[in-house]
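Please look over the sequence and the structure shown here, and then follow the explanation below, which begins with a single side chain and widens from there to the chain as a whole.

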Amino acid sequence: GSGEVVGYVDPDLEQFMQWMWDGGHLENTVVVFVGDHGLHMGPLFVSRVGMLEHKLPALNLLIPKKLLQTHPEIRENLLYNQQLVATHWDLYAMLRHLAYYPEPAPSGSDEFPKGPPWAVSLL
């Protein structure tokens, strides 16, 4: 099952993140961790925690301190948005926002097509 895979991923992820930290790469890199929908079978799935994990998969962002310090509106938006339900389209809008940052993302056709009108960048 998917739970068995986590035991193999964690040491590699830990090593990668340590390399990012030691090399100073996190000073200018946004890291996005997206979880899956958890277990789909077994006793944990039918528990309250399992049902919440299934309906609300994890989304964690590591944002460089310098970006948050120089652009306080990003910090404010992230603090506000942490209490809202975000979709994959909102995540896409955020990544598109970052691709053009600090300029606004173009509204027309471009290398990264605009998502649906309801998608809002988390930043």
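In this predicted model, Tyr92 has a relative accessible area of 27%, and it counts as partly exposed because that value falls between the 20% under which a residue is buried and the 50% over which a residue is exposed. Trp89 has a relative accessibility of 33% and is likewise placed in the partly exposed class.

These two residues belong to one element, since both Trp89 and Tyr92 lie in helix H5, which covers residues 88–100. They are three residues apart there, a spacing of about one turn of the helix.

How many aromatic pairs does a search of the whole structure find? The search finds two aromatic pairs, and one of them is formed by Trp89 and Tyr92, with 6.3 Å from centre to centre and 85 degrees between the planes. This pair is edge-to-face because the angle of 85 degrees is over the cut-off of 60 degrees.

Turning from the pair to the chain, the secondary structure consists of five helices and two strands, and, read from the N terminus on, these elements follow the order α-β-α-β-α-α-α. The chain has 123 residues, of which 20% are buried, while its accessible surface comes to about 9,300 Å², with 62% of that area belonging to carbon and sulfur atoms. Among the contacts in the chain between residues at least 6 apart in sequence, 59% join residues that are at least 24 apart.

Notes: Residues numbered from 1 in each chain as written. Predicted model: local features only at pLDDT ≥ 70, side-chain atom pairs only at ≥ 80, totals over all residues. Heavy atoms only, no water. Phe/Tyr/Trp six-rings, centres within 6.5 Å; stacked < 30°, edge-to-face > 60°. Helix = DSSP H or I, 4+ residues; strand = E, 2+ residues; numbered from the N terminus. Buried < 20%, exposed > 50% of the residue type's maximum accessible area, 1.4 Å probe, protein only. Contact = heavy atoms within 4.5 Å. Areas by Shrake-Rupley, 256 points an atom, 1.4 Å probe, with all protein chains shown as cover.
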